[in-house]
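Here is a friendly walk through the model on your screen. Keep the viewer open and follow along residue by residue.

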Amino acid sequence: MYAFTQHRPATVRQAASLLAKQEEAKLLAGGHTLIPTMKLRLAGPKHLIDLSKVEGLTGIEMRGRSLIVGAMTPHVEVQTSPVVKENFPALAELAGKIGDPAVRHRGTIGGSIANNDPNADYPAAALGLGATIITNKRRIPADEFFKGLFETALEPDEIITKVQFPKVNKAAYVKFPNPASRYALVGVFVSKRGSEIRVAVTGAGANGVFRVSAFEQALKKRFGVKSLEGLSVPADGMASDIHGSAEYRAHLIGVLARRAVAAAG
Amino acid sequence: MKLPVKMTINGQMYSHEVEPRLLLVHYIRETVGLTGTHVGCDTSQCGACTILMGGQAVKACNFFAVQCDGAKITTIEGLAKNGELHPIQQGFWEKHGLQCGFCTPGMILAAHQMLERYPKPSEEQIRHQLEGNLCRCTGYHNIVKAIQWAAEQMAGKK
C-alpha cells in the first residue's frame, strides 16, 4: 500500500475544507471498499480524511413522512432498526443482505452511495425509493445523483451527510447475489408511492444503476405481477463478464422484477 | 509520520507509534505479537482475520491500526480462561470442526458474535452468519456441528 497522511476532523466543515485543500485526498467512511482498493494499489490517496470522529453523521429517525439515515450509519443499524423495520421493511431487508456480518458492522450507507459500485445494493434502494442525497452543500435527488460506473454528481469537496427516503405504500428488493462476493449480480428494487412507480436495477447495467421505464409504465396501470408478463429488457447496454452475459443479466431483471412485485404485494 | 495508538487487546493495554497505513491485523500480529489472528486472503473476503472490536465481529485486515485508537479488542488468544477452552473452542475440538485450522480463529470469533445474537441458532442461521468466513477443508459441515455443540453447552451453563 502507498503511504498517506491521516486526518481526523471533528466536523463536516473541517472535513470539507481538508478535502478541498489537500491534493489527492479521499474520505474514509467504513473503509470496506476503499481499504481493499488501496491494498491492491488501485487507489493511492495522498491524504485520507477519516470521518469516524465527525459528529452528527450517524443515526436513524423518522421526520414527518421521511426516513433520515445519517451517512456514516453502518448497514447493521439499518438492518436491525425498529424504525426502519416498521416503516421501510424492504430497506432493512436490503441492508441485511449486504456482504456478510463483519462487513455490515462497518460498511456505511453514505460510503456505498458515494462509491456507486455498479453491483452495490444501496444505489438500487436510493433510486428505487426516490431518495434525496443530502450533502454539506445541497440536496440531490437520486435520479440526478448516479452518473455511471463509480461516478456520482458529488463535487470534489462535497460530503454526503444524510440520505432521506420518502415513505412509500409498497416496496421490495430481490437480489441474485454473486455467491462469492454477495454483491448483486442483479438486484431489482420496486416501489409504489401513490401513482409513482419505481423499478430500479443494480448489477446489470453497463453504466450502473438505472430505472426500467417500460416496467414502471406497465405497473402504473396495475401494480401486479401480471402487468409485467411478456415484458423484457433488451440485452443492449447490460454488463457482461465472467459472472454472467448481458443476455443472462437482462433475463434476470425480468425474473427478479416479477418476484419483487410479488413480494411487495 | 508515525501516529500514536492505544488499544486494549484481550484485557491488556498496548501503546505504540505506527505508520497510518499499517493494517490492524499486521499491528496485532507483528507489533503486538499475537499471531493467532490469521491473514488468509488480504482482500477482505476470507474472514481468517476476524476479531471482536467493541463486541462486534470485524475483519482486522480491513482497518488501519490508527482507526482503532481506543478500541477494545478480543482475539482468539483472549477466549480461553485459566487454561480452559471456551465452549466454542471445545466444540471445534469435539466435533472435528477443523482440518488445517487456518480459518479456525476467524470462525470461532464469528461464532462468538453469532451465539451472542442468536443463542439457539438454526442450522440455516449458522450457515448464513458464517457467510463472511471461508473454509477450504471441512465443507463447513463439522463447523456447523461444532457451533451447535457450543450453543448447547453455553445454554446449559446459564
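B:Ala155 is partly exposed, because its relative accessible area is 41%, which falls between the 20% limit for buried and the 50% limit for exposed. This residue is found in helix 5 of chain B. If you pick its C-alpha atom together with that of B:Lys120, you will find the two separated by 8.1 Å, although these positions lie 35 residues apart along the chain. Please keep in mind throughout that this is a predicted model.

**Helix 3 of chain B**

Staying in chain B, have a look at helix 3. It has 14 residues and reaches 20 Å from its first C-alpha to its last, close to the 20 Å expected at 1.5 Å a residue. Is this helix largely enclosed or largely open? Twelve of the 14 residues are buried, so helix 3 of chain B is largely enclosed by the rest of the structure. Among the buried residues are B:Met107, B:Ile108, B:Leu109, B:Met114 and B:Leu115, and the list also includes B:Thr104, B:His112 and B:Gln113.

**Where the two chains meet**

How many residues of chain B are in contact with chain A? The count is 26 residues of chain B, in contact with 26 residues of chain A. The area buried between the two chains is about 2300 Å², and carbon and sulfur atoms give 54% of that area. Between chain B and chain A there are two salt bridges, and nine residue pairs are in polar contact, both partners at pLDDT 80 or more. On the side of chain B that touches chain A, the elements giving two or more residues are strand 4 (56-59), helix 3 (104-117) and helix 4 (123-129). Strand 4 of chain B supplies the largest share, with four residues. By residue class, this side of chain B divides into ten nonpolar, nine polar and seven charged residues.

**Salt bridges, within and between chains**

Side chains of opposite charge can pair when their charged atoms come close. Over all chains, a search of the whole structure finds 20 salt bridges. Three of them are set out below.

| Salt bridge | N to O distance |
|---|---|
| A:Glu61 and A:Arg63 | 2.6 Å |
| A:Lys137 and A:Asp157 | 2.8 Å |
| A:Arg182 and B:Glu131 | 3.7 Å |

The pair of A:Arg182 and B:Glu131 crosses between chains. A:Arg182 sits in the loop between strand 11 (170-177) and strand 12 (184-193) of chain A, while B:Glu131 sits in the loop between helix 4 and helix 5 (141-157) of chain B. A:Arg182 counts as buried because its relative accessible area is 11%, whereas B:Glu131, at 26%, counts as partly exposed. Within chain A, salt bridges that share partners join A:Asp143, A:Arg193, A:Glu196, A:Arg198, A:Arg211 and A:Glu216 into one network.

Now turn to the pair of A:Lys137 and A:Asp157, whose side chains meet in a salt bridge. The pair links distant parts of the chain, with the two positions 20 residues apart. A:Lys137 lies in the loop between strand 6 (132-135) and strand 7 (139-141) of chain A, and A:Asp157 lies in the loop between strand 9 (151-152) and strand 10 (160-166). A:Lys137 is partly exposed, with a relative accessible area of 42%, and A:Asp157 is partly exposed at 23%.

For the pair of A:Glu61 and A:Arg63, the relative accessibility of A:Glu61 is 36%, so it counts as partly exposed. A:Arg63 is partly exposed too, with a relative accessible area of 46%.

**A:Ser81 and A:Val84**

Which backbone nitrogens does the side chain of A:Ser81 reach? One is the backbone nitrogen of A:Val83, at 3.2 Å, and another is that of A:Val84, which lies 3.0 Å from a polar atom of the A:Ser81 side chain. A:Ser81 is placed in the loop between helix 3 (75-80) and helix 4 (82-87) of chain A, and it counts as buried because its relative accessibility is 8%.

A:Val84 lies in helix 4 of chain A and is buried, at 0% relative accessibility. Leaving aside neighbours within four places in sequence, A:Val84 is in contact with A:Ile60, A:Leu67, A:Val78, A:Pro89, A:Leu91 and A:Ala92. The C-alpha atom of A:Val84 is separated by 24 Å from that of A:Gly203, a residue 119 places away along the chain.

Definitions and conventions. Residues are numbered from 1 along each chain as its sequence is written. Chains are lettered from A and ligands numbered from 1 in the order in which they are written. This is a predicted model: local features need pLDDT of at least 70, side-chain atom pairs count only at pLDDT 80 or more; totals for chains, interfaces and linings use all residues. Side-chain values use heavy atoms; hydrogens and water are left out. Contact means heavy atoms within 4.5 Å. Buried area is the accessible area (1.4 Å probe) that two parts lose on being put together, summed over both. A salt bridge is a side-chain nitrogen of Lys or Arg within 4 Å of a carboxyl oxygen of Asp or Glu. A polar contact is a pair of N or O atoms within 3.5 Å; within protein, one must be able to donate a hydrogen and the other to accept it, and residues adjacent in sequence count only if both atoms are side-chain atoms. Ala, Val, Leu, Ile, Met, Phe, Trp, Tyr, Cys and Pro count as nonpolar, Asp, Glu, Lys and Arg as charged, and the others, Gly among them, as polar. Buried means under 20% relative accessible area, exposed over 50%, partly exposed in between (1.4 Å probe, protein chains only). The expected span of a helix is 1.5 Å times one less than its number of residues.
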